[in-house]
Structure formats: structure tokens, C-alpha cells
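Colleague: I'm new to reading structures, so could we go through one together? I'll ask, and you walk me through the reasoning.

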Amino acid sequence: MPPRRIETGDGRDALAAVAAGDAPRAVTATAVRYLLQLLVEKAPGNSVEMRVPPFGAVQVIEGPRHTRGTPPNVVETDAATWIAVATGEEHWADAVSSGRIVASGVRADLSALLPLRP
């Protein structure tokens, strides 16, 4: 069963609440999942796994399909960093160089896809 689609209004409301500070965990989860959903829409595919534990993970970018075990191209970060880079509040390169984004694999640089336009 595919994940429930987050409507634009709900996603934007969640992002606004996170930006205002002290958003409940469920609201942060909605914001993260909404941005992951936008990433999938912008770059569909299965060659890179984008992880934002514990809230979500998606596969994006066209290329070789990965089906078992640890994928060769993985990006992982925390919710606050994902929201910041996905909305343009922070640059991808800054988050990578500070170690808040861990990106491995030749296709794991998502900087050309960001920021997303929620």
C-alpha cells in the first residue's frame, strides 16, 4: 500500500508550524514526509535512498534499481537539517561539510534538486 499523500495545504501548514518553533512531533513528521513527497515528485526513480529517521525514507533519481540490502547511494540526515536544506534555509554543501548530512555513492548529491518549492 503506498503511503498516504499529504495535501499541499497540510504540508505547508506543517512547515509553517515547524518554522514557528516547538512543533509537536506529529507536525514535524508531516513536514518531513511532505518534503520527501515533493522530492519524489521532482526526481522519481530508485537509485538513491533518502532517509530522514525516524520519519521517512524514499527512493529517488532515475538509474539502476536497488532491491535488497543497503543501497549503494544513500543520503541520511535528521529532520531539522532536511527541512532546512529542502526549503532553502541552508545550503546542501554546508550541511554535508558539517556532517549533518551523510551522503554516500556517486548519485547521492541532491544539491541540484534543492531547494524544493513547497
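Colleague: Let's start with a side chain. Which residue's side chain does the side chain of Arg100 make a polar contact with?

Modeller: Keep in mind that this is a predicted model. Arg100 sits in the loop between helix 4 and strand 4. From that loop, its side chain makes a polar contact at 3.0 Å, and the partner is the side chain of Thr81.

Colleague: Is Arg100 buried, partly exposed or exposed?

Modeller: Buried needs a relative accessible area under 20%, and exposed needs over 50%. Arg100 comes out at 34%, so the label is partly exposed.

Colleague: And what about Thr81, buried or exposed?

Modeller: Thr81 lies in helix 3. Leaving out residues up to four places away in sequence, Thr81 touches Ala95, Arg100 and Ile101. Its relative accessible area is 2%, and because the cut-off for buried is under 20%, Thr81 counts as buried.

Colleague: Back to Arg100 for a second. How far is its C-alpha atom from that of Glu76?

Modeller: Glu76 is one of the residues Arg100 touches, and others on that list include Thr77, Asp78 and Glu90. Along the chain, Arg100 and Glu76 are 24 residues apart. In space, their C-alpha atoms are separated by 8.5 Å.

Colleague: Okay, now helix 3 as a whole. How many of its residues are buried?

Modeller: The buried ones are Ala79, Thr81, Trp82, Ile83, Ala84, Val85 and Ala86. Their cover includes helix 1, helix 2, strand 1, strand 3, helix 4 and strand 4. That leaves helix 3 mostly covered, with a count of 7 of its 9 residues.

Colleague: What goes on at the two ends of helix 3, and which residue follows it?

Modeller: At the start, a side-chain oxygen of Asp78 comes within 3.1 Å of the backbone nitrogen of Ala80. At the other end, look for a positive phi, near 90°. The residue with that phi, following helix 3, is Gly88.

Colleague: Let's zoom out to the strands. What is the strand order in the sheet?

Modeller: The protein has 4 helices and 4 strands, and from the N terminus the elements run α-α-β-β-β-α-α-β. The sheet is open, has 4 strands and shows mixed pairing. Read across, its order is 2-1-3-4.

Colleague: Which strands stand at the edges?

Modeller: Check how many partners each strand has. A strand with a single partner has one side left without a neighbour in the sheet, so it stands at an edge. That picks out strand 2 and strand 4.

Colleague: How many bridges join strand 1 to strand 2?

Modeller: Strand 1 and strand 2 form a hairpin with 3 residues between them. Across that pair, Met50 stands opposite Val58, and Val48 stands opposite Val60. The two strands run antiparallel, and the number of bridges is 6.

Colleague: Strand 1 has another neighbour, right? What is the bridge partner of Met50 in strand 3?

Modeller: Strand 1 pairs with strand 3 in the parallel sense, over 3 bridges. In strand 3, the partner of Met50 is Val75.

Colleague: Now the inside. Which residues touch the most other members of the largest nonpolar core?

Modeller: That core has 33 residues. The elements that give two or more of them are helix 1, helix 2, strand 1, strand 2, helix 3 and helix 4, and helix 2 gives the most, with 8 residues. The residues touching the most other members are Met50, Trp82 and Leu110.

Colleague: Which residues is Leu110 in contact with, beyond its neighbours in sequence?

Modeller: Here, neighbours within four places in sequence are left aside. Met50, which we met in strand 1's pairings, is on the list too. In full, the contacts are Leu39, Val48, Met50, Ile61, Val75 and Trp92.

Colleague: Last one: what is the radius of gyration of the protein?

Modeller: The C-alpha trace spans about 40 × 35 × 25 Å along its principal axes, and 39% of the 118 residues count as buried. For 118 residues, a compact globule would have a radius of gyration near 13 Å. The protein agrees with that, at 14 Å.

Definitions and conventions: Residues numbered from 1 in each chain as written. Predicted model: local features only at pLDDT ≥ 70, side-chain atom pairs only at ≥ 80, totals over all residues. Heavy atoms only, no water. Core = buried A, V, L, I, M, F, W, Y, C linked by side-chain atoms within 4.5 Å. Buried < 20%, exposed > 50% of the residue type's maximum accessible area, 1.4 Å probe, protein only. Contact = heavy atoms within 4.5 Å. Pairing = 2+ DSSP bridges. Polar contact = N/O pair within 3.5 Å; in protein donor to acceptor, adjacent residues only side chain to side chain. Rg over C-alpha atoms; globule rule 2.2 N^0.38 Å.
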